Amino acid sequence: MIRRENPARFAEIVGEVPATTPDEVDAVVRRADAEQRTWAATPLPDRLAVLARAATAIEDAAEDLATLLARESGKVLPDCRGELGFAVRFLRWVIDKAISAYGDSTVDDDLGRLVLVRKPYGVVAAITPWNAPIILALLKIGPALAAGNAVVVKPSPLAPLTITAVAALLEAPLTVVHGDAGTGAALVGHDLIRKVAFTGGPAGGRAVAALAGDRLTPSVLELGGNDPAVFLDDAPFDDASMDRLVMATFATSGQVCMAAKRLYVPRSRLDDFVAAYRAAAGRVLVTGDPLTPGVSMGPVISAGAQRSANAFRDGDVLDLGRFEADPEIGYFVRPGLVVSPDPGSPLVVTEQFGPVVPVLGYRDEESVLAAANAGELGLGASVWSADEDRAFALARRFEAGFTFVNTHNRTGMSLRAPFGGVKRSGWGREYAGEGLLEYVQTCVIHAPAAFRPGAEAPAAGPSAYPPG
Ligand code: NAD
């Protein structure tokens, strides 16, 4: 059994789920493989009807699910409600797009008849992290099921409960297996897994990609980020911008893939920025129990995360916001700002994934661009300026999958824009049309005109063949 404690009160057990050992994974995948054949033969509109019923069921249960999610993950209740709401919207968006994404398309002209057929892979392994366990699982489950795949999802043992409850609302070939990296590895390495979809950190991503590569199993990876937020010399430090930035840094206690994790400000404006940032934290950042109204930041996820976040507080740290929590009863960390740390220190060059953030002064645009683009991760970034055109021009030069202007990790467009970083932050894409196509193989059925019944015999010769 995997028991999950409440990170805000670790003496309280929120629930437990049965663990699947690596040896037991084989039977699960074989069952999923058998179910997939029936599911793939089910007409697409009928599969979509199953997703539609699930979306309604999740919507009806959203308040209870959000509370459970807050208790197991330490995320504040409004964010948990937001995640459930987005999951429902995402499922409905998949339903809306699925017919055009997954239906056949035909070309019939002088060259003959060619039909593009979108086929499911078979059984998809979905391996997900704990920090947005519902939406990050449904980003895979929704399109994979719509396309006719079966899915075996292995959530993080740090947030196994709510996703299990959500999966139970889907009357489809979807199995949840619980366990640690060993269970995940047994799943990814299984011969009947035909596609792997992983979201998590770079270390897990490397291991999963290696296993999948060894079997030539295609994989889509969404990995970590060490997002820079760059303020240009004309960027206003107004209250609304600063409030947005503070929450883009500290939502989910800084444990968000696209959180602002490194702040860059012109040297001459550093003091003003620090004052404005601290004032904003005083307005919007309240650390406490995730279920308490008005609290905007909860605990970190585990004792290990609490230790590593506190290690970043060794030295000169400016405390931020109101701290109404007891680190002795929950995994709470006092949020902090570190001004001008060594640019090579771990707080700057690694994904710190906790509520301590560095701010660094810079000399000119070229040097800050080089600093922002340094490192192996390229997930998100932001540019802040009074001049939107200037910000968009610089945004093009960031090595990031998603660059924001005058905000960070806030978008009303995520279903219109694909997600997935560059460099080592992602292989493949989630969200948007590109994400839907991750779960189908495009196959071609072609009858050249020359071979149509009654056609004249074609001239022999290499020109009849495509190159390669
Ligand atoms: P993690 O990599 O430790 O774990 C993610 C999942 O992979 C878990 O289910 C875990 O059990 C499993 N896993 C880990 N090692 C494995 C292995 N060797 N073989 C098979 N499975 C393995 O990540 P985490 O701590 O749960 O999540 C935090 C990380 O996820 C951060 O780096 C964050 O940036 C990233 N993340 C990325 C996105 C994105 O969309 N790009 C979204 C959320 C989180």
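How many Å separate the centres of domain 1 and domain 2? I get 30 Å, taken over C-alpha atoms.

Before going on, a note to self: this is a predicted model, where local features need pLDDT of at least 70 and side-chain atom pairs count only at pLDDT 80 or more, while totals for chains, interfaces and linings use all residues. Residues are numbered from 1 along each chain as its sequence is written, and side-chain values use heavy atoms, with hydrogens and water left out.

**Domains.** I looked up the split: domain 1 is 2-223 + 438-445 and domain 2 is 227-412, with bounds from an automatic or database domain assignment. Domain 1 puts 22 residues into the contact and domain 2 puts in 24; contact here means heavy atoms within 4.5 Å. Between them they bury about 1,900 Å², 61% of it on carbon and sulfur atoms. That buried area is the accessible area (1.4 Å probe) the two parts lose on being put together, summed over both.

**Ligand.** Next I checked where the ligand sits. Both domains give residues to its shell, so the ligand lies between them. I find 29 residues around the ligand, with Thr128, Lys154, Gly201, Leu223 and Glu351 the closest; to count, a residue needs a heavy atom within 4 Å. The shell divides into 16 nonpolar, 10 polar (Gly goes here) and 3 charged residues (Asp, Glu, Lys or Arg).

**Polar contacts.** I used N or O pairs within 3.5 Å. The side chain of Glu351 has an N or O atom 2.6 Å from a ligand oxygen. For Gly201, a backbone N or O atom lies 2.8 Å from an oxygen atom of the ligand.

Conventions
Polar contact = N/O pair within 3.5 Å; in protein donor to acceptor, adjacent residues only side chain to side chain.
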